[in-house]
Every structure is written in structure tokens, then in C-alpha cells.
Amino acid sequence: MSFVLPPNTRLECLLGRGSIFEVALLETDGTRCVGKRIRSRMLGEDLAKHAFGREHALLSAVEHPSVPRLID
């Protein structure tokens, strides 16, 4: 797996892999966060793009301590 990482960010470990996404634990400027990306075999699939878009829209609309905060 090769996540494209922002500056000052390092990949700690792969957390999981599903049919559409891969998820990894990242460390950026001393803070741990989760990175998620579409699996390479799914990049051209509309299903993957729609799933990512739905999740982005939901996380952007909700602010609660039990819901992950969307960073970028």
C-alpha cells in the first residue's frame, strides 16, 4: 500500500482493507489520525467514488464526539 502523505506525516500501520477502501493509522505533527483511500483496483469504479463522496458529505455535516472529524 502506498498512501500519498502530506508533509510531516508518517504511515504507522495498515488498519484494515475492505472491498473498496484501505485504512491506515497515520501520525502528523505529533497527532495520530486515520487515512482512508480507495483501493487501486477500485479507482475507476463509480461505486467507490460514490461511497467516498457519501462518507465525505456525512462527515462534513456532523459534529459529535463519537463521530470521526473530517480533516481533509
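## Overall architecture

From the N terminus on, the secondary-structure elements of the protein chain follow the order β-β-β-α. The model is a predicted one, and its chain holds one helix and three strands. Taken along the principal axes, the C-alpha atoms fill a box of roughly 35 × 30 × 20 Å.

Of the 72 residues in the protein chain, 24% count as buried. Among contacts with a separation of 6 or more, 13% are made by residues 24 or more positions apart.

## Surface and charge

The accessible surface of the protein chain amounts to about 5,500 Å². Carbon and sulfur atoms contribute 54% of that surface.

The charged side chains comprise 10 positive and 9 negative groups. The centres of these two sets are separated by 6 Å.

## The β2-β3 hairpin

Strand β2 spans residues 21-28 and strand β3 spans residues 31-38. The two strands run antiparallel and are joined by eight bridges. Within this pairing, valine 23 is placed opposite lysine 36 of β3.

Together β2 and β3 form a hairpin, with two residues between them. Aspartate 29 belongs to the turn.

## Glutamate 22 and its arginine partners

Glutamate 22 is a residue of strand β2. Its relative accessibility is 5%, and because buried means under 20%, glutamate 22 counts as buried.

The side chain of glutamate 22 takes part in polar contacts with two arginine side chains. The contact with arginine 17 is 2.8 Å, and that with arginine 37 is 2.7 Å. Arginine 17 falls within β1 (9-17), while arginine 37 falls within β3 (residues 31-38). The buried glutamate 22 of β2 is thus in side-chain contact with a residue of β1 and with a residue of β3.

## Non-glycine residues with positive phi

Asparagine 8 has a positive phi of about 60 degrees, although it is not a glycine. This residue lies in the segment before β1 (9-17). Its relative accessibility is 59%, above the 50% cut-off, and asparagine 8 therefore counts as exposed.

Aspartate 29 is likewise not a glycine and has a positive phi of about 50 degrees. The residue is located in the loop between β2 and β3. Since the relative accessibility of aspartate 29 is 59%, this residue counts as exposed.

Note on methods
Residues are numbered from 1 along each chain as its sequence is written. This is a predicted model: local features need pLDDT of at least 70, side-chain atom pairs count only at pLDDT 80 or more; totals for chains, interfaces and linings use all residues. Side-chain values use heavy atoms; hydrogens and water are left out. Two strands pair if DSSP finds at least two bridges between them. Helices (H or I, at least four residues) and strands (E, at least two) are DSSP runs, numbered from the N terminus. Buried means under 20% relative accessible area, exposed over 50%, partly exposed in between (1.4 Å probe, protein chains only). A polar contact is a pair of N or O atoms within 3.5 Å; within protein, one must be able to donate a hydrogen and the other to accept it, and residues adjacent in sequence count only if both atoms are side-chain atoms. Contact means heavy atoms within 4.5 Å. Accessible areas come from the Shrake-Rupley method with a 1.4 Å probe; for residues, only the protein chains shown count as cover. Lys and Arg count as positive and Asp and Glu as negative; His and the chain ends are not counted. The place of a charge is taken as NZ of Lys, CZ of Arg, CG of Asp or CD of Glu.
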